[in-house]
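Please open the structure in your viewer and keep the sequence panel visible beside it. The tour below proceeds from the whole chain to its individual elements.

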Amino acid sequence: MLKYICYPKCTTCQKAKKWLDDNSVEYELRDIKTDNPTFAELTEWYKKSNLPLKRFFNTSGLLYKSLDLKNKLPSMTENEMLKLLSTDGMLVKRPMLVGDDFVLVGFKESEWNDNVK
């Protein structure tokens, strides 16, 4: 079963959930604010995604901006970034869709079509 990790108040997450429902995709919903991904989960998802770690950060979020992460991330190690991401779900880019052999970060309908159907 796919894991759908989202922030229910986020409009992009709402669009992604509608896409999942419209396409009859079975998933387990997880609220990223109340059930933050762990360091171990983030590490596994990052490795499975083949994406740069920076893509896992919610760069438009208030917390990202208030922590000045734009300037701090370049000098951080991957381990430090993953630990930071695991401290607060609002730092993590969403929605996220996790399958057995893929991880999608953010909602791009074409990307989801290619991987989910």
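**The chain as a whole**

Of the 117 residues in the chain, 46% are buried. Please bear in mind throughout that this is a predicted model.

Begin with the entire chain selected and only the C-alpha atoms displayed. Along the principal axes, these atoms fill a box of roughly 40 × 25 × 25 Å. The radius of gyration is 14 Å, which agrees with the value near 13 Å that a compact globule of 117 residues would have. If you display the accessible surface, its area comes to about 6,700 Å², and carbon and sulfur atoms contribute 49% of it. Among contacts with a separation of 6 or more, 64% join residues 24 or more positions apart.

Next, switch to a cartoon view. The chain contains six helices and four strands, and along the sequence they follow the pattern β-α-β-α-α-α-α-β-β-α.

**The sheet**

Select the four strands together. In which order do they stand in the sheet? The order is β2-β1-β3-β4, in an open sheet with mixed pairing. The edges are occupied by β2 (27-31) and β4 (103-105); each has a single partner strand, so one side of each lacks a neighbour in the sheet. On average, neighbouring strands are turned by 15 degrees against each other, direction ignored.

**Strand β1 and its partners**

Select residues 2-6, which form β1. Four of the five residues of β1 are buried, so that this strand is mostly covered. On one pairing, β1 runs parallel to β2 over five bridges; here isoleucine 5 has arginine 30 of β2 as its bridge partner. To follow the connection between these strands, add residues 11-22: the chain passes from β1 through helix α1 to β2 in a right-handed β-α-β crossover.

Now turn to the pairing of β1 with β3, which is antiparallel and has three bridges. Isoleucine 5 appears again, standing opposite methionine 96 in β3.

**Strands β3 and β4, and helix α6**

Select residues 96-98, the strand β3, together with β4: the two pair in the antiparallel sense over three bridges. Which residue of β4 is the bridge partner of leucine 97? The partner is leucine 104.

Finally, add residues 109-116, which form helix α6. Helix α6 lies across β1, β3 and β4, and runs at about 170 degrees to β4.

Methods
Residues numbered from 1 in each chain as written. Predicted model: local features only at pLDDT ≥ 70, side-chain atom pairs only at ≥ 80, totals over all residues. Heavy atoms only, no water. Pairing = 2+ DSSP bridges. Axes fitted to C-alpha atoms, helices over the stretch in contact; angles between N-to-C directions. Contact = heavy atoms within 4.5 Å. Buried < 20%, exposed > 50% of the residue type's maximum accessible area, 1.4 Å probe, protein only. Right-handed = clockwise from strand over helix to strand, strands pointing away. Rg over C-alpha atoms; globule rule 2.2 N^0.38 Å. Areas by Shrake-Rupley, 256 points an atom, 1.4 Å probe, with all protein chains shown as cover.
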